[in-house]
Amino acid sequence: MGTVRCFEDFKIWQDARLLVNQVYLYTVGVKDYGFNDQVRRAAVSVMNNIAGGYEAGGNVMFKKFLQISRGSCGEVRSMLYLAKDLKYIDEIKVNGLLSDCMVLSKGISKLITYLDSTTSNL
């Protein structure tokens, strides 16, 4: 693990930030406001729980926040399937976001595994 001085140093946080921006961009024309609110909140939750967990201090708390972040990532994926089914977002864009979510979820899982294996706090 490289040197981490702040949550912004984490690649997973950077990737989550990009995901949020893409979700907002791709849903701007969707008139289903309930859908928009749900998928956007879930995407923001991925990013914010990485940040909040790191700032909470200690690996135990960080791990809990990362688990919530990973769950939110799954929620975004689920909502993206709905977006595809309802033709809210172009299928090619949805497939790209689904792939991004899978990579992000794996990255979060790797950090959780790392935190399980170390006794020093990040």
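The legends below describe close-up views of a predicted model. In this predicted model, local features need pLDDT of at least 70 and side-chain atom pairs count only at pLDDT 80 or more, while totals for chains, interfaces and linings use all residues. Residues are numbered from 1 along each chain as its sequence is written, and side-chain values use heavy atoms, with hydrogens and water left out.

**View 1. The largest nonpolar core and the helices that supply it.** A nonpolar core is taken here as a set of buried Ala, Val, Leu, Ile, Met, Phe, Trp, Tyr and Cys residues joined through side-chain atoms within 4.5 Å, where buried means under 20% relative accessible area, exposed means over 50%, and partly exposed lies in between (1.4 Å probe, protein chains only). The largest such core has 36 residues, of which F10, I12, L66, V76, L80, L104 and I108 touch the most other members. The elements that give two or more residues to this core are α1 (11–27), α2 (33–56), α3 (59–85) and α4 (91–117); helices are DSSP runs (H or I, at least four residues), numbered from the N terminus. Contact means heavy atoms within 4.5 Å, and, leaving aside neighbours within four places in sequence, L104 is in contact with I12, D15, A16, L19, V46 and C73.

**View 2. Helix α3 and the residues that it buries.** With 27 residues, α3 reaches 39 Å from its first C-alpha to its last, close to the 39 Å expected at 1.5 Å a residue, the expected span being 1.5 Å times one less than the number of residues in the helix. The buried residues of α3 are N59, F62, L66, S69, S72, C73, V76, M79, L80 and A83, and what covers them includes α1, α2 and α4. Just after α3, K87 takes a positive phi of about 60 degrees.

**View 3. Cysteines without a disulfide.** A disulfide is counted when a pair of cysteine sulfur atoms lies within 2.5 Å, and the structure holds zero of them. The sulfur of C101 is 4.3 Å from the closest cysteine sulfur, in C73, which is too far for a bond. C101 is buried, with a relative accessible area of 0%, whereas C6 is partly exposed, at 26%.

**View 4. Salt bridges within α1 and α2, and one between α3 and α4.** A salt bridge requires a side-chain nitrogen of Lys or Arg within 4 Å of a carboxyl oxygen of Asp or Glu, and a search of the whole structure finds three. K11 pairs with D15, the closest N and O atoms being 2.7 Å apart; both residues lie in helix α1, four residues apart, about one turn of the helix. K11 is exposed, with a relative accessible area of 53%, while D15 is partly exposed at 22%. R41 pairs with D37 at a closest N and O distance of 2.8 Å, and both lie in helix α2, again four residues apart. D116 pairs with K63, the closest N and O atoms being 2.5 Å apart. D116 lies in helix α4 and K63 in helix α3, so this pair ties together parts that are 53 residues apart in sequence.

**View 5. The surroundings of T27 in helix α1.** T27 counts as buried, at 1% relative accessibility. Not counting residues up to four places away in sequence, T27 touches F35, N36, V39, R40 and I89.
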